[in-house]
Amino acid sequence: MVEGVKREGLVHVPAAAKTQPSPVVFAFHGHGGNMHNATRMFPIHELWPEAIVVFLQGLNTPGRLTDPEGKKPGWQSTSGILGDRDLKLFDAVLASLRADYRVDDKRIYSTGHSNGGGFTYLLWAERGDVFAAMAPSAAAATRSRSSLKPKPVLHIAGENDPLVKYAWQQATIQALLKLNECSAGVAWDKDPNCTLHPSATGNPVVTAIHPGDHSFPKKAPEVIVKFFKEH
């Protein structure tokens with residue numbers, strides 16, 4: 001219950017989480033998605049079974065790009081709207097995990113696609129000190145960009161995204177490169193679509209640029225887990 005509203009989520013808890021410090025990954029579905037399809041889109045619990053993985057369920061939310069009447073579930077896009085209901089949900093869930101399990105506070109991460117990626121950027125802006133690294137997909141940090149502090153980030157983008165325009169995402173990426181004081185990119189993960197920009201402050205930016213549209217690449221979860229494990 002968050003301020004009188006029942007909130008739901010699916011949580012993968014490894015058996016060792018009661019006795020050993022365990023990483024935590026939050027994975028947020030896009031607008032119109034749900035916690036069940038998030039487990040299939042982000043099978044992080046299968047790729048990293050030692051991690052606690054949290055798939056929360058959004059509430060009906062007006063979309064900035066689609067669904068203006070808010071008939072489908074999603075996440076708040078900026079701080080201060082909708083009573084900060086989703087930021088408060090995150091706080092409540094993390095507190096519950098810390099009470100019930102041995103959370104490794106140096107290994108807490110967030111990823112999400114589309115509206116979920118935007119919420120990952122919002123969490124970075126509003127709860128940044130909590131996280132070790134972030135991995136948003138098909139999202140832009142248009143409004144939260146000024147509140148971001150240097151942090152390792154993997155950004156996944158489609159060159160032909162018709163919804164969250166590639167140009168918007170490129171503007172976010174350029175801002176992250178400047179924020180993290182990054183140098184020229186080099187190949188990463190032996191993947192021609194992935195580029196690592198080393199950081200003078202130890203906060204690298206990895207871009208995973210695919211030729212597709214707004215869809216989430218099937219290989220993306222593997223790339224996300226590899227990146228999180230490095231940080």
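## Strand β8, an enclosed strand

Let's start with strand β8 (residues 153-158): six of its six residues are buried, so the strand is largely enclosed by the rest of the structure. Keep in mind as you look around that this is a predicted model. The side chains of β8 point in two directions, with Val153, His155 and Ala157 facing one way and Leu154, Ile156 and Gly158 facing the other. Residues on both faces are buried.

Which strands lie alongside β8? One is strand β7 (residues 133-137), which pairs with β8 in the parallel sense over two bridges. Here Ser137 has Ile156 of β8 as its bridge partner. Another is strand β11 (residues 205-210), which runs parallel to β8 and is joined to it by six bridges. If you would like a spot to zoom in on, Gly158 has His210 of β11 as its bridge partner.

## Helix α5, a helix with two sides

Helix α5 covers residues 166-179. Its 14 residues should span 20 Å at 1.5 Å a residue, and its end C-alpha atoms are 20 Å apart, so the two values agree.

Now turn to its side chains. Gln169, Thr172, Ile173, Leu176 and Leu177 are the buried residues of α5. They cover an arc of only 140 degrees around the axis, so they sit on the same side of the helix. That buried set packs against α4, β8, β10 (191-197) and β11. Ala167 and Lys178, on the other side of α5, are exposed. Just after the helix comes Glu181, which takes a positive phi of about 55 degrees.

## Helix α4, mostly covered

Helix α4 (residues 115-127) has 13 residues, and the distance from its first C-alpha to its last is 17 Å, close to the 18 Å expected at 1.5 Å a residue. How much of α4 is covered? Most of it is, with 10 of the 13 residues buried. Among them are Asn115, Gly116 and Gly117, along with Phe119, Tyr121 and Trp124.

## Aromatic pairs

The structure holds 12 aromatic pairs. In one of them, Phe28 and Phe119 meet edge-to-face, at 5.0 Å centre to centre and with 80 degrees between the planes. This pair links distant parts of the chain: Phe28 belongs to strand β2 (residues 22-28) and Phe119 to helix α4, 91 residues apart. Both rings belong to buried residues.

A pair with another geometry is formed by Phe227 and Phe228, which are tilted, with 6.4 Å centre to centre and 50 degrees between the planes. Phe227 and Phe228 are buried too. Phe28 and Phe119 also belong to one aromatic cluster, together with Phe26, Trp75, Phe90 and Phe131.

## Ser22 in strand β2

Strand β2 also contains Ser22. Is Ser22 buried or exposed? With a relative accessible area of 3%, Ser22 is buried, because the cut-off for buried is under 20%.

Its surroundings are worth a look. Beyond its neighbours within four places in sequence, Ser22 is in contact with Ala16, Ala17, Glu50, Ile52, Arg102, Val103, Asp104 and Arg107. The side chain of Ser22 also reaches the backbone oxygen of Gln20, at 2.9 Å. As for a residue from another part of the chain, Lys226 is 204 residues apart from Ser22, and their C-alpha atoms are separated by 16 Å.

Key:
Residues are numbered from 1 along each chain as its sequence is written. This is a predicted model: local features need pLDDT of at least 70, side-chain atom pairs count only at pLDDT 80 or more; totals for chains, interfaces and linings use all residues. Side-chain values use heavy atoms; hydrogens and water are left out. Helices (H or I, at least four residues) and strands (E, at least two) are DSSP runs, numbered from the N terminus. The expected span of a helix is 1.5 Å times one less than its number of residues. Buried means under 20% relative accessible area, exposed over 50%, partly exposed in between (1.4 Å probe, protein chains only). Rings of Phe, Tyr and Trp (its six-membered ring) pair if their centres lie within 6.5 Å; planes under 30 degrees apart count as stacked, over 60 as edge-to-face and the rest as tilted. Two strands pair if DSSP finds at least two bridges between them. Contact means heavy atoms within 4.5 Å. A polar contact is a pair of N or O atoms within 3.5 Å; within protein, one must be able to donate a hydrogen and the other to accept it, and residues adjacent in sequence count only if both atoms are side-chain atoms. The arc is that of the directions from the helix axis to the C-beta atoms.
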